[in-house]
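Biologist: Hello, and thanks for joining me! Could you load the model so that we can go through it together?

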Amino acid sequence: MKNFYEVEDSLKLNNLGNEIHGMISEMYPICRSITGNGFRDTLRIISKYIPIKVKEVPSGTKAFDWTIPKEWNIKDAYVKNSKGKKIIDFQKSNLHVVNYSIPIKAKMPLSELKKRIFTLPDKPKLVPYRTSYYEENWGFCMSHDDFIKLKEGEYEVMIDSSLSQGSLTYGEYFIKGKSKDEIIISAHSCHPSLCNDNLSGVAVAATIGRELSEIKTKYSYRFLFIPGSIGSITWLSQNEDKISNVKGGLVLSGIGDSGNIHYKKSRNGDGLLDKAMAHVLKQSQEAAKMIEFSPFGYDERQYCSPGINLSVGCFMRTPYSEYPEYHTSADNLDFVKAESLADSFGVCMKALGVLEGDGIYLNLNPKCEPQLGKRGIYKAMGEQKDNVKKMQMAMLWVLNFSDGKNSLLDIAERSGFNFTEIKKAAKVLEDNNLVKQL
Ligand code: ZN
């Protein structure tokens, strides 16, 4: 198995972007929800990439202040006009039905039907995504353009769904590292045909999992494919014994659009991944933004609730409230881009690489600078003068600040070098017995 450190340079991001997009295409048509067979079908696709364990938690189970809801499944749904023509058809898009709608078969006039239809008047071509998880209800969604064309008359509505005792399903993949200290990678996997939110997070998480499974890692990694909110609440309530091992984590959410990266820090703001991500973004993504924690958004709300207080941040591209395609039919396969998916994957791997490679070193020759030339260190670096000069400077930074107090990441931050360069310099010095890792 390779070390993490050896992997970073060899990642072939271009191919990966297309591969991740392909995985999203495979999951896109499925009607997912927070429970039910759509979620299970999605886990089956993920399990082609990584060997996840599928967990089922029965309806009615308590999860802190919450209760696992009944399981929802749907086969078909439509609205027909008086001529028997389907004017809304679930088979064309699962967004047309309010997610978690109870079954209904009825005839009604337009005035009644209209009360059950959601549209977006300010985005008249798009179909909205609506849910009613915790209140038994039913409804349809359609484009406002189609809505205003509806004529008076009697309509037939049919939703062939079921809401019954069952379970909440989630997927978990654990990679055992050298240490029992672990990092959580979490992706909400409950939205139906929407790509950025959050099949992008699901597919990138699975790809990171596959990549890490082939590397010797210092940390253990736990991947969670869970329904939003209720899923993280359920996992945390059932795994309180594991929480003390969690040293950091990432919620991956909305990471396939072409906007700039936004990283929302954990509640404490100074977790392992907060620092690693700040460094990687500063070094490689000029337009990226760091955002302070707030108690809304995705599952970081639960991981960072005061009684749990894990250092879990949220990695996004355009924040969910800031793109018009959010929670609409326009969040489709064209909206997520292979390059963005590959870039998001690459940045996450770089940040994890910082965690994996960081450490505190001790200068074994601290009285004045050691004579590097006589050890053949420069020759070993090859001919390119600029590279040699750069590496020499990086080595001087490592030697000077490896006093047992500063980590390599601290040295990278202080020197302006990127972490990989500082890590490489430390490796050369270690190979020449000039520093040792504490
Ligand atoms: Zn969402």
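Modeller: Happy to, and let us begin with the metal: along the chain, the donors of the zinc ion follow the spacing H-x5-D-x129-H. Please keep in mind that this is a predicted model.

Biologist: Which residues and atoms coordinate the zinc ion, and at what distances?

Modeller: The spacing pattern has two histidines with an aspartate written between them. Those positions are filled by H191, D197 and H327. The histidines each use NE2 and the aspartate uses OD, at 2.0 to 2.1 Å.

Biologist: Is H191 buried or exposed?

Modeller: Burial means a relative accessible area under 20%. H191 has 10%, so this zinc ligand counts as buried.

Biologist: And what is the relative accessibility of D197?

Modeller: D197 is another of the zinc donors, through OD. This aspartate also counts as buried, because its relative accessibility is 0%.

Biologist: Which kind of peptide bond joins D197 and N198, cis or trans?

Modeller: Most peptide bonds are trans, so a departure deserves a look. N198 is found in helix 6, residues 195-212. Between D197 and N198 omega is about 5°, and the bond is cis.

Biologist: Let us turn to backbone angles. What is the phi of C368?

Modeller: Most residues other than glycine have a negative phi. C368 lies in the loop between strand 19 (360-363) and helix 11 (377-380), and it is exposed, with a relative accessible area of 69%. C368 is not a glycine, yet its phi is positive, about 65°.

Biologist: Where does N433 lie?

Modeller: N433 is not a glycine either, and has a positive phi of about 55°. At 61% relative accessibility, N433 counts as exposed. Its place is the loop between helix 14 and strand 21 (435-437).

Biologist: That brings us to helix 14. Is helix 12 roughly parallel or roughly perpendicular to helix 14?

Modeller: The axes of helix 12 (residues 385-401) and helix 14 come within 8 Å and cross at roughly 75°. Angles from 65 to 115 degrees count as roughly perpendicular. Helix 12 is therefore, relative to helix 14, roughly perpendicular.

Biologist: How many charged residues does the contact of helix 12 with helix 14 have?

Modeller: From helix 12 the contact includes K390, M391 and W397, and from helix 14 it includes E421, K424 and L429. By class, there are eleven nonpolar residues and no polar ones, and the number of charged residues is three.

Biologist: How is helix 13 placed relative to helix 14, roughly antiparallel or oblique?

Modeller: The axes of helix 13 (residues 408-415) and helix 14 (residues 419-431) come within 9 Å, crossing at roughly 120°. Angles over 145 degrees would count as roughly antiparallel, and 65 to 115 as roughly perpendicular. The angle therefore makes helix 13, with respect to helix 14, oblique.

Biologist: Which handedness does the crossing of helix 13 and helix 14 have, left or right?

Modeller: On the helix 13 side, L408, L409, I411, A412 and S415 meet F419, I422, K423 and A426 of helix 14. By class, this contact has seven nonpolar, one polar and one charged residues. The crossing of the two helices is right-handed.

Biologist: Now for some single residues. Which residues is H21 in contact with, leaving aside neighbours within four places in sequence?

Modeller: H21 is found in helix 2, residues 13-27. With a relative accessible area of 18%, H21 is buried. Its contacts beyond those neighbours are L333, V336, A338 and L341.

Biologist: How far apart in space are Q285 and N260, C-alpha to C-alpha?

Modeller: Q285 sits in the loop between helix 8 (272-284) and strand 17 (289-291), and is buried at 17% relative accessible area. Not counting residues up to four places away, Q285 touches I261, V280, D343 and V347. Q285 and N260 are 25 residues apart in sequence, and their separation in space is 8.3 Å.

Biologist: Is K350 buried, partly exposed or exposed?

Modeller: K350 is found in helix 10, residues 338-357. Buried means under 20% and exposed over 50%. With a relative accessible area of 33%, K350 is therefore partly exposed.

Biologist: One more: which residues does N245 contact beyond its neighbours within four places in sequence?

Modeller: N245 lies in the loop between helix 7 (230-238) and strand 15 (246-252). N245 is buried, with a relative accessible area of 18%. Its contacts are K180, D181 and E182.

Methods. Residues are numbered from 1 along each chain as its sequence is written. This is a predicted model: local features need pLDDT of at least 70, side-chain atom pairs count only at pLDDT 80 or more; totals for chains, interfaces and linings use all residues. Side-chain values use heavy atoms; hydrogens and water are left out. Axes are lines fitted to C-alpha atoms, for helices over the stretch in contact, and angles run from 0 to 180 degrees between N-to-C directions. Helices (H or I, at least four residues) and strands (E, at least two) are DSSP runs, numbered from the N terminus. Angles under 35 degrees count as roughly parallel, over 145 as roughly antiparallel, 65 to 115 as roughly perpendicular and the rest as oblique. A crossing is left-handed if the near helix is turned anticlockwise from the far one by less than a right angle, and right-handed if clockwise. Contact means heavy atoms within 4.5 Å. Ala, Val, Leu, Ile, Met, Phe, Trp, Tyr, Cys and Pro count as nonpolar, Asp, Glu, Lys and Arg as charged, and the others, Gly among them, as polar. Donors are N, O and S atoms within 2.8 Å of the metal (3.2 Å for Na, K and Ca); water is not among the atoms, so sites may look incomplete. Buried means under 20% relative accessible area, exposed over 50%, partly exposed in between (1.4 Å probe, protein chains only).
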